[in-house]
Amino acid sequence: MDRLDVIDLHKEFEGKPLLEGVNFHVTAGETLCLLGSSGSGKSTILRIIAGIETPDAGQLLWNGGDLTPIPVFRRRFGLMFQDYALFPHLSVKENVAFGLRMQNLSRTEIAGKVRAALERVNMSAFADRRVTDLSGGEQQRIALARALAPAPRLLMLDEPLAALDRSLRMELQEELREVLSRAEIPAIYVTHDQEEAILLGDRLALLHDGRIAQAGETEEVYRYPANRWVAAFLGMTGLLEGDVHSLAPLTVRTDCGDLHPQLIPGATPPGVGERVMLLLKPVNLEQAGAVNGIDELTGEVTEVVFLGDHYRLKLRLCSGTQLDLVATHRLAVGESLKVRPRPGDLLLLPDEGHPA
Amino acid sequence: MSLVRGARAFLNRSGLLLWALPLGMFALFFFYPLFTILSTMFSRAGEIIPSAVWEPLLFTSYQALLSTLLTLLFGLPAAWVFSQFDFTGKRLLRTLTMLPFILPTVVTAAAFNALLGPRGWINVLLMRLTGDPTTPINFLNTFTAILVAHVFYNIAIVIRVVGSAWSQLDPRLEQSAGVLGASPWRAFVSVTLPLLRRPILSAALLVFLFDFASFGVILMLGGPAYQTLEVAVYTEALRYLNLPMAGLLSIIQLACTLGITLLYGRVNRGRVVPLFPRLRGEGVRKPRTWRERLIVSMTVAFLFTLQVLPLAALVTRSVTRLEADRGQRGEVQTGLTLDFYRELFVNKSQSLFYVLPAAAVANSLRFAALTTIISTTVGTLLAFAMVKKPFAHRWLDAVVMLPFGASAVTMGLGFIVAFNGTPLARGAFPWLIPLAHSLIATPFVLRAVQPALAAIPTSLTQSAAVLGASPFRAWWEVEMKLISRALLTGALFSFTISLGEFGATSFIARSDTPTLPVAIFRYLGQPGALNYGQAMAMATILILVCALSLTLLEQLSSALNGAD
């Protein structure tokens, strides 16, 4: 099974360190979403894997073999550029055929593969059009077809939906998910949009400060964010400080009373008296009442936003911490509210490393 | 092994291989001749007459200033008409006004000769009407002829530069001035004119530069009484054989044109981009009031008279017999004839130095083809070097652009001083001519190709590489294909420039291998109706080639704009 290992990648950009030891891997049949804010070096990682740029240090292993001596045009990886980089002087068909021509295939073979690639993205009718006449979404599809046509060993997509408007993005996300799951190759999908990442990624790798802050199965990452930055990046902002009071059961004394957070599996337990940070994940009000949470938190509703099928509330807790709530019924601003977070919604964050 | 690899890496990084050929060419064929001129000047300083410098310098400046003012006087109203109004024949007229711009000076001289010269239409017809044997209009060899030809040449610059800036001015600016209480005239003076100051200055400087460096027009239309620096270089070098004096004059000329070029660069630096570019055709309207109609039709009539009449006179004169051939007596058969064209292929002269006009055509085509190959190769290499390996970019850009600022005459003088007696000049093939033409044409290729190349996003070549294209294939299939139109534009320019080049060629063309412009010049200077007719015929051939190339260029540029 094909596998790419990225090991301790370092890269400087204009004299400043951009990547400071990036490690992750991706295997056949899975989509790894590389998530990070803009300017974090996500695209640079893709360009290094593709061979367009060389790392200052670190290794790329393809099935255990070093990729470094192989020039970009012999790696047989597919890369879809953020601006699509379609050749303006070639038609749709010729664009898709480009990679196949580089493999010196026969005319009939190329024609067949081009047809298949265009069918895969539902663009057969556009074969003879000029790429400059296409809309953004159409160009995106052609760029995908062009990347897939030569049957790359690995597919990389650099923010493929960033330039499109919202409704089109939703539509194409579905299509991309289907295409990616059908292509039985490793895929790396770069985005700064966590919703897109959840939808498309089998696994997530979050890039922050030149390193992978956390990598793992999408659900696992959501369940147990590795630190404050990851939690914040994924939209979890409720933080509460406190001191460890006892270990069994784990009790943390905070301004809002004694709380009983869960420890992330595998994390080293804190010592008694240690100052720690608790993460309060957004609470679903309906479920919070039904499941027996141990701890009870009281707060005042400060904001109510209607979001179509539900409401998003902000609850100011004792210490001024904001807790996000999801509710199906309307509540009034200023109303006082008691919530009991489910055990998994109150976590002890393992480290204090990265401030949000 | 590692030394080889290190050397290769250095070459790759610095792009020295890309720079090598162009820089070598410029060093050997521009800077070395320039150096030879200087050393001749200093080693034979005794032959220099310093006081003889002032007269041509003053006259050059004076005629250039006057020509520029006249060009603005007639060009600005035309620019206004072109930018504001839509009228029938606008496209054609625009193309026609561009024609002189690429027309060889020899052709221009021949055209005015055909209209107003002693054998031209007007004089011949007037003489026939009055029966008076003296020519009623003396246009050739006057100061007026120089001025008219300069306006003819450069009015297109004013129309293009000022007209396009004018048409891109946001009409709302003038409208809001009106809303604020300004009369149309005050709105024009206080809003439009200040906004157009830079384009007008820029056009004026360019016109001044061209008028200052004018050679063929002065030599052929001004006659021996008028000596600009360029003509003085020619006279000193070829008539009095005073090379040090010619050298001094050409160095002064070079310094002046460089100064003007630098000034021009300053004016154009950070040129203001219109804030609200209009949609195509927005703000352009048909003339409505009778005053507008009058102004538009007067402009059209004026431009037509200035640009079309001389050329039409030339073309018709080449197929009309109006007077007796040399040695012919009695009543002349006047009327249409193709004799002048037929005679191009007939060798009548017994002279040893006589060259068949058809051979001059063949020479010109051969030189133009070579020039096109050399200048597109060198220009493209340079464009790649500048865009990909901007290694001391500004400095090298200046080095390459210097020959552009240098006049053709300086180049021609440098060539004879540096290479006379060398195999380059004496060999079976006159290599100096295509080389000189290439030096003149390369900047045009560079100016056409460089922006096209710089506009290619790097992601295109990178994505070609990811798709499996080797560096060579990515270069060939993506970059070269994308600059192919610009390359063709540059090639066409080179070809046309070479066909019409007169200044440098007049120095280095050997008597047995004249080019078409040189042959036209010689035939114009010889007596007899047949020689005159043949000169007209050859000039007509040049016009047709230039018109064809201009049409292709316009189509290429509109295709280029359409593709964006």
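How many of the 26 residues of α7(B) are buried? The answer is 22, so this helix is largely enclosed by the rest of the structure. The legends below start there, and everything in them comes from a predicted model.

**View 1. Helix α7 of chain B, end to end.**
Here we follow α7(B) through residues 143-168, a run of 26 residues. From its first C-alpha to its last, the helix reaches 37 Å, close to the 38 Å expected at 1.5 Å a residue. Look along it for Asn154(B), where a kink of about 40 degrees is centred. As for its surroundings, 22 of the 26 residues are buried.

**View 2. Gly131(B), in the loop ahead of that helix.**
Gly131(B) is found in the loop between α6 (121-130) and α7 of chain B. Is Gly131(B) buried or exposed? With 6 other C-beta atoms within 10 Å, Gly131(B) is exposed, because a residue with 12 or fewer counts that way. For a sense of distance, pick out Ala425(B), which sits 294 residues away along the chain. The C-alpha atoms of Gly131(B) and Ala425(B) are separated by 51 Å.

**View 3. Where the two domains of chain B touch.**
The domain assignment splits chain B into domain 1 (56-317) and domain 2 (356-564). Their C-alpha centres lie 24 Å apart. In this close-up, 34 residues of domain 1 of chain B are in contact with 28 residues of domain 2 of chain B. On the domain 1 side, the elements giving two or more residues include α4 (90-102), α5 (105-116) and α13 (290-317) of chain B. Which element gives the most to that side? It's α12(B), with nine residues. By class, the domain 1 side holds 22 nonpolar, nine polar and three charged residues.

**View 4. Chain A meets chain B.**
Now for the spot where the two chains come together: 18 residues from chain A and 16 residues from chain B take part in the contact. On the chain A side, look for β6 (77-80) and α2 (92-102), since each supplies at least two residues. That side of chain A divides into twelve nonpolar, four polar and two charged residues.

**View 5. Chain A and the join between its domains.**
Chain A has nine helices and 21 strands, and its C-alpha trace spans about 75 × 45 × 35 Å along its principal axes. Of its 356 residues, 39% count as buried. Take the contacts in chain A between residues at least 6 apart in sequence: 67% of these join residues at least 24 apart.

The domain assignment gives domain 1 (3-230) and domain 2 (231-348) of chain A, and 37 Å separate their centres, taken over C-alpha atoms. Where they touch, nine residues of domain 1 of chain A are in contact with twelve residues of domain 2 of chain A. On the domain 1 side, the elements that give two or more residues are α7 (218-223) and α8 (228-233) of chain A. The largest share, three residues, comes from α8(A). Sorted by class, this side has six nonpolar, one polar and two charged residues.

Conventions. Residues are numbered from 1 along each chain as its sequence is written. Chains are lettered from A and ligands numbered from 1 in the order in which they are written. This is a predicted model: local features need pLDDT of at least 70, side-chain atom pairs count only at pLDDT 80 or more; totals for chains, interfaces and linings use all residues. Helices (H or I, at least four residues) and strands (E, at least two) are DSSP runs, numbered from the N terminus. The expected span of a helix is 1.5 Å times one less than its number of residues. The bend at a residue is the angle between axes fitted to the seven residues ending there and the seven starting there. A residue is buried if 20 or more other C-beta atoms lie within 10 Å of its own, exposed if 12 or fewer, and partly exposed in between; C-beta atoms are placed from the backbone. Domain bounds come from an automatic or database domain assignment. Two residues are in contact if their C-beta atoms, placed from the backbone, lie within 7 Å. Ala, Val, Leu, Ile, Met, Phe, Trp, Tyr, Cys and Pro count as nonpolar, Asp, Glu, Lys and Arg as charged, and the others, Gly among them, as polar.
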